[in-house]
Amino acid sequence: MNIDANHCSVEDALGILVGKWKPIILLHLMEKGTVRFSDLKRSIPGVTQKMLTKHLRELENEEIIDRVVYPEVPPRVEYSISEYGRTLEDLLHAMHEWGQAHTMRKQQKLQENTRTKAQAPV
């Protein structure tokens, strides 16, 4: 890996992607295409309206997602992943795969520790 630690852009990328709900929002938009705000909120149990709005605005400001407001009463707002946002697809997939492998590793370590303690003489 030829990355100069003094000029690493990982921090820039994380600044955009870090947030409990941002990767989940992006995965939903990549999977479902164009989604209304209310449908997106229903798809993500546990997210508050305030937090969803905050994350969506941040992603929109970075041009990761597109937002369309229709001049209707009541207003209809739809979100979709932008072409630029699609460039994150491989990265999110790799992070998902790493997360799964890490979770399995932790579970295996926990099982090994539990077995070791159970076999230890008293």
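Which residue in E3 is the bridge partner of tyrosine 70? The views below are of a predicted model, and the first one takes up this residue.

**View 1. Tyrosine 70 and arginine 76 meet at the E2–E3 pairing.**
In E3, arginine 76 is the bridge partner of tyrosine 70. The two residues also meet through a side chain. Arginine 76 lies over the face of the tyrosine 70 ring, 3.8 Å from the ring centre. Aromatic pairs are absent: the structure holds zero of them.

**View 2. Strands E2 and E3 form a hairpin.**
E2 covers residues 65-70 and E3 covers residues 76-81. Five residues join E2 to E3. The two strands pair in the antiparallel sense, over six bridges. Two further partners can be picked out along this pairing. Isoleucine 65 has isoleucine 81 of E3 as its bridge partner. Valine 68 has glutamate 78 of E3. Strands of a sheet pair through backbone hydrogen bonds.

**View 3. Three strands make an open sheet.**
The strand order is E1-E3-E2, and the pairing is antiparallel. E1 (35-36) and E2 are the edge strands, each pairing on one side only. Two bridges join E1 to E3. In one of these contacts between strands, valine 35 has tyrosine 79 of E3 as its bridge partner. Is E3 largely enclosed or not, and how many of its residues are buried? Five of the six residues of E3 are buried, so the strand is largely enclosed by the rest of the structure. In a regular strand the side chains alternate between the two faces of the sheet.

**View 4. Helix H2 lies across the sheet.**
H2 spans residues 22-32 and lies across E1, E2 and E3. H2 runs at about 90 degrees to E3. Leucine 29 touches residues that include Val35, Ile65, Tyr79 and Ile81. Val35 and Tyr79 are bridge partners, as are Ile65 and Ile81. Leucine 29 also touches Leu40, Ser80 and Arg86. This list does not count residues up to four places away in sequence.

**View 5. The largest nonpolar core has 21 residues.**
The residues with the most contacts inside this core are Ile25, Leu26, Leu29, Leu40, Leu56 and Ile65. H2, helix H3 (37-43), helix H4 (49-61) and E3 each supply at least two residues of the core. Which element gives the largest share? H2 does, with four residues. Nonpolar side chains tend to be buried together in soluble globular proteins.

**View 6. Histidine 28 sits in helix H2.**
Is histidine 28 buried or exposed? Histidine 28 counts as buried because its relative accessibility is 16%, and the cut-off for buried is under 20%. Histidine 28 touches Gly33, Leu40, Ser43 and Ile44, leaving aside residues up to four places away in sequence. Leu40 is also touched by leucine 29.

**View 7. Leucine 14 belongs to helix H1.**
H1 covers residues 10-17. Leucine 14 has 42% relative accessibility, so it counts as partly exposed. Leucine 14 and asparagine 2 are 12 residues apart in sequence. In space, their C-alpha atoms are 19 Å apart.

Technical notes. Residues numbered from 1 in each chain as written. Predicted model: local features only at pLDDT ≥ 70, side-chain atom pairs only at ≥ 80, totals over all residues. Heavy atoms only, no water. Pairing = 2+ DSSP bridges. Contact = heavy atoms within 4.5 Å. Axes fitted to C-alpha atoms, helices over the stretch in contact; angles between N-to-C directions. Phe/Tyr/Trp six-rings, centres within 6.5 Å; stacked < 30°, edge-to-face > 60°. Lys NZ or Arg CZ within 6 Å of the ring centre and 35° of its normal. Buried < 20%, exposed > 50% of the residue type's maximum accessible area, 1.4 Å probe, protein only. Core = buried A, V, L, I, M, F, W, Y, C linked by side-chain atoms within 4.5 Å.
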